Amino acid sequence: MDKIAVVILNWNGVKLLEQFLPSVIQFSEGSTIYVADNDSTDNSVAFVTENFPTVKIVKNSGNHGFAKGYNDALKHIDAEIYALVNSDIEVTENWLKPILDTFEKEKQTAIIQPKILDFKNKEYFEYAGAAGGFIDKYGFPFCRGRIFDTVEKDNGQYNDNIELFWASGACFFIRKNVYHELGGFDESFFAHQEEIDLCWRAANEGHIIKYNSQTVVYHVGGATLQQGNPKKTYLNFRNSLLMMVKNLPKRGLFWVIFFRMILDGVAGIRFLTQGKFGHTFAILKAHFSFYCLSLKYLGKRKDFQIQQYYMVKSIVFLYYIRKLTLFKEIFNSIQNIKN
């Protein structure tokens, strides 16, 4: 069994593989590299086979999205650690060693995220993950280095190694045994928020999720589904609600979800005022889909859910009403309340 397998999920991404696979091969000494192909219709598989013969190919039977795509592929990959890496990630020299050292020293640590910077503007954090993720009481995720549309410059303010609530799926390290014990990603999600759901389930089982700033990668972001795409809005809003049904503590479950749906309605109205009608419709569609799936997801709940899952009660209130746009400001407001 390999120590670590670097697994890149691909669907019609030959141009991304051509651009970013060389850095993975160059700097991933001691690992086995896989491209898990979601039944691409371009020449991705032929390109990798011809140009990078050391890279192994796992062929999935269809375009099953991020969640099922990885679940299917990882059934065929045997390694102690899975490194799940987006096809639009540029890695850096020595990127694997700090991660492997942490897993070796900290047996309870199950999931790790590196520092994720913006490939297009390398002085800044990247939207999808930045310096590690947290969540508010109503299921809205946010990151150190990125809260809603505010992205911070990397000035070394997050050069630390801390516990997180969730790690970004853009570059996601997880122990094989933990991944399979948890049942992998929730395949009904297709894409978006599945990594948060997996981390939440891991935390409910007592596992630790961490951030390691010594490993740095650069992410293009939006290379497969643009940030402004209504489909992305639909998946994010729907999957967030489904994730909450599965993982929220039983006490207050109904009221937390009810208030979250009100906030979703406010977001829909905001999209309307901006003329983004497709996004408003996407939220409505997400809610109808949630109604249809909610009973099924209640059946997925486990016997135990952690009580203190959130960092702040409402990141929406702090960001849009109190105008606290930086993580440091959010953190200081928490400390002031405690004191």
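Select K122 and Y218 to begin. The charged end of K122 sits over the ring of Y218, 4.6 Å from the ring centre. A charge counts as sitting over a ring if NZ of Lys or CZ of Arg is within 6 Å of the ring centre and within 35 degrees of the ring normal. Then select K300 and Y297, where K300 lies over the ring face at 4.2 Å from the centre.

The model on screen is predicted, with local features needing pLDDT of at least 70 and side-chain atom pairs counting only at pLDDT 80 or more, while totals for chains, interfaces and linings use all residues. Residues are numbered from 1 along each chain as its sequence is written, and side-chain values use heavy atoms, with hydrogens and water left out.

**Strand β6**

Select residues 109-118, which make up strand β6. Strands (E, at least two residues) and helices (H or I, at least four) are DSSP runs, numbered from the N terminus. Is β6 largely enclosed or not? Ten of its ten residues are buried, so the rest of the structure largely encloses the strand. Buried means under 20% relative accessible area, exposed over 50%, and partly exposed in between (1.4 Å probe, protein chains only).

Add residues 208-219, strand β14: β6 and β14 run parallel and are joined by nine bridges. Two strands pair if DSSP finds at least two bridges between them. To find the place, look for P114, which stands opposite N212 in β14.

Next add residues 121-125, strand β7, which runs antiparallel to β6 and is joined to it by two bridges. Here L117 stands opposite F125 in β7. Two residues lie between β6 and β7, and the two strands form a hairpin.

A further partner of β6 is β13; these two pair in the antiparallel sense over two bridges. I111 has I174 of β13 as its bridge partner.

**Strand β4**

Keep β13 (residues 171-175) selected and add β4, to which five bridges join it in an antiparallel run. The bridge partner of L84 in β13 is F172. Strand β4 covers residues 79-85, and six of its seven residues are buried, so the rest of the structure largely encloses this strand as well.

Now add residues 2-10, strand β1, which pairs with β4 in the parallel sense over six bridges. I4 stands opposite I81 in β4. While the strands are on screen, one general point: in a regular strand the side chains alternate between the two faces of the sheet.

**Aromatic rings**

The structure holds 27 aromatic pairs. Rings of Phe, Tyr and Trp (its six-membered ring) pair if their centres lie within 6.5 Å; planes under 30 degrees apart count as stacked, over 60 as edge-to-face and the rest as tilted.

Select F134 and F142. Their rings form a tilted pair, 6.4 Å centre to centre with 35 degrees between the planes. F134 is buried at a relative accessible area of 10%, and F142 is buried at 1%.

Move to F327 and F331, whose ring centres are 6.4 Å apart. Their planes stand at 20 degrees, so this pair is stacked. Both belong to helix α11 (residues 327-338), where, being four residues apart, they are separated by about one helical turn. F327 is buried, with a relative accessible area of 6%, whereas F331 is partly exposed, at 37%.

Then select F66, Y70, Y82, F172, Y179 and F185 together: they form one aromatic cluster.

**H64**

Select H64, in the loop between β3 (56-59) and α3 (65-74). H64 counts as buried at 19% relative accessibility. Add F140 and compare the C-alpha atoms: H64 and F140 are 76 residues apart in sequence and 25 Å apart in space.

**The cavity**

How many cavities of 30 Å³ or more does a search of the whole structure find? The search finds one. On a 1 Å grid over the protein atoms alone, a cavity is a set of points where a 1.4 Å probe fits but cannot get out, and lining residues have an atom within 4 Å of a point. The largest cavity holds about 40 Å³ of space. A volume is the space filled by probe spheres set on the points, which are joined across faces, edges and corners.

To see the lining, select I8, L16, L17, F20, L21, V24, N86, S87, D88 and I89. Helix α1 (residues 14-27) gives the largest share of the lining, five residues. The lining divides into seven nonpolar residues, two polar and one charged. In this count Ala, Val, Leu, Ile, Met, Phe, Trp, Tyr, Cys and Pro are nonpolar, Asp, Glu, Lys and Arg are charged, and the others, Gly among them, are polar.

Note on methods. 1 Å grid on protein atoms, 1.4 Å probe; cavity = no way out; pocket = protein on both sides within 12 Å on 5 of 7 lines; lining within 4 Å.
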